[in-house]
Amino acid sequence: MTKVLINEKLVEENEANVPYNDRGYNFGDGIYEYVRVYNNRLFTARPHFERLLRSADEIGLELNYTVDGLIELVQELISANKVVTGGVYIQVTRGVAPRDHAFPTPSVQPMITGFTKSYDRPYKNLEEGINAVTTEDIRWLRCDIKSLNLLGNVLAKEYATKYNAQEAIQHRGDTVTEGSSSNAYAIKDGAIYTHPTNNLILNGITRKVIKEIAESNDIPFKEEAFSVDFLKQADEVIVSSTSIEVMPVVKLNGENVGDGQVGPITKKLQEGFTNYIENNEEIAQEINR
């Protein structure tokens, strides 16, 4: 039976329970990360958990863990569930306390939960591309924190689903920010454009990998704001995340992006990403620390 992480214990899935007055359940008062697993190994776990600790600090959540400690904890969960290719979700809430908006005084023990999922890389969509729609970004102003407050993202994703699209690319006024569960990029005249890393977007780990791949291939990577019209006129559009990797968008609001095919810059990034998975020594180092 599948094992689930509850604090530092692995329990059977049917025995995994969270108290009704956990602050994550009552207020969305918590943070999370999702880390990919390729060939039994965590992928880019170190930057993921560095970001988790940053998110904890940003919301004043005292988390008594190191990056190495979190990697060890999650690896144990992956091994218990025999995950070969898939991912692991880890969530931290401020803990269990009587319902009150203010932080518990004195502070309580944070609640850590985690679970795994086995699934393959999204080969078909990576090869053929997906559909996306644009929608107004209605989320809060601290999107740089990977918090549990995802209702705005959920509504955007549901909007995309209603229009037979796989992703919603959001914009504040005329400025494109990011997808409902991804970072977004417009490729024009051989250069990649994406929103700068500030409070309006999450600094994606896959985004960092894409930037590294672009720079190593002498592809300009411009972190600057761009408009919805610029996005619509792009030669290529991609979205990226831990789950979907470097995903081409071939239709936007029902219209072809470029010629409606996966473009050459996107293919170059996808090739680089696959090489990164296969050859990056960090993967093995993370498991053996």
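**Exercise 1. The second largest cavity**

Which strands each supply at least two residues of the lining of the second largest cavity? Work it out on this predicted model, then describe the cavity.

*Solution.*
- Start with the space itself: the second largest cavity holds about 40 Å³.
- Next, collect the residues around that space. The lining is made up of Asp 235, Glu 236, Val 237, Pro 248, Val 249, Val 250, Val 257, Gln 261, Val 262, Gly 263 and Thr 266.
- Now match these residues to elements. Strand 13 (236-241) and strand 14 (245-252) are the strands that each supply at least two residues. The largest share, three residues, belongs to strand 14.
- Finally, sort by class: six lining residues are nonpolar, three are polar and two are charged.

**Exercise 2. The largest cavity**

Find how many cavities of 30 Å³ or more the structure holds, and say which domains line the largest cavity.

*Solution.*
- The count comes to two cavities of 30 Å³ or more, and the largest cavity has about 50 Å³ of space.
- Its lining consists of Arg 36, Phe 43, Thr 44, His 48, Ile 205, Thr 206, Val 209, Thr 242 and Phe 273.
- Check the elements: helix 6 (residues 205-216) contributes the largest share, three residues.
- Check the domains: domain 1 (3-120) and domain 2 (124-277) each provide at least three residues of this lining.
- By class, four residues are nonpolar, four are polar and one is charged.

**Exercise 3. The largest pocket and the two domains**

Explain why the largest pocket lies between domain 1 and domain 2.

*Solution.*
- Begin with the assignment, which splits the protein into domain 1 (3-120) and domain 2 (124-277). Taken over C-alpha atoms, the centres of the two domains are 26 Å apart.
- Look at how they meet: 24 residues of domain 1 make contact with 19 residues of domain 2.
- Turn to the pocket, with about 1,100 Å³ of space. There are 44 lining residues, and Tyr 32, Lys 146, Ser 180, Ser 181 and Ser 182 are the ones nearest the centre of the pocket.
- Elements giving two or more residues to this lining include strand 3 (30-38), helix 2 (45-58), strand 9 (175-179) and strand 13. Helix 5 gives the most, with five residues.
- Draw the conclusion: the largest pocket lies between the domains because domain 1 (3-120) and domain 2 (124-277) both give residues to its lining.
- For completeness, the lining of the largest pocket divides into 18 nonpolar, 18 polar and eight charged residues.

**Exercise 4. The second largest pocket**

How much space lies in the second largest pocket, and which residues line it?

*Solution.*
- The second largest pocket has about 160 Å³ of space.
- Gly 60, Leu 61, Glu 62, Arg 94, Phe 103, Pro 104, Ser 107, Val 108 and Pro 110 form the lining.
- Five of these lining residues are nonpolar, two are polar and two are charged.

**Exercise 5. Helix 3**

Compare the reach of helix 3 with the expected value, then list the buried residues of helix 3.

*Solution.*
- Helix 3 (residues 67-80) has 14 residues, and its first and last C-alpha atoms are 20 Å apart. That is close to the 20 Å expected at 1.5 Å a residue.
- With buried meaning under 20% relative accessible area, the buried residues in helix 3 are Val 67, Leu 70, Ile 71, Leu 73, Val 74, Gln 75, Leu 77 and Ile 78.
- A useful reminder here: an α-helix has 3.6 residues a turn, so residues three or four places apart point the same way.
- Last, step just past the end of helix 3, where Lys 82 takes a positive phi of about 55°.

Note on methods
Residues numbered from 1 in each chain as written. Predicted model: local features only at pLDDT ≥ 70, side-chain atom pairs only at ≥ 80, totals over all residues. Heavy atoms only, no water. Helix = DSSP H or I, 4+ residues; strand = E, 2+ residues; numbered from the N terminus. Expected span 1.5 Å × (residues − 1). Buried < 20%, exposed > 50% of the residue type's maximum accessible area, 1.4 Å probe, protein only. 1 Å grid on protein atoms, 1.4 Å probe; cavity = no way out; pocket = protein on both sides within 12 Å on 5 of 7 lines; lining within 4 Å. Points joined across faces, edges and corners; volume = space filled by probe spheres on them. Nonpolar A, V, L, I, M, F, W, Y, C, P; charged D, E, K, R; others polar. Domains from an automatic or database assignment. Contact = heavy atoms within 4.5 Å.
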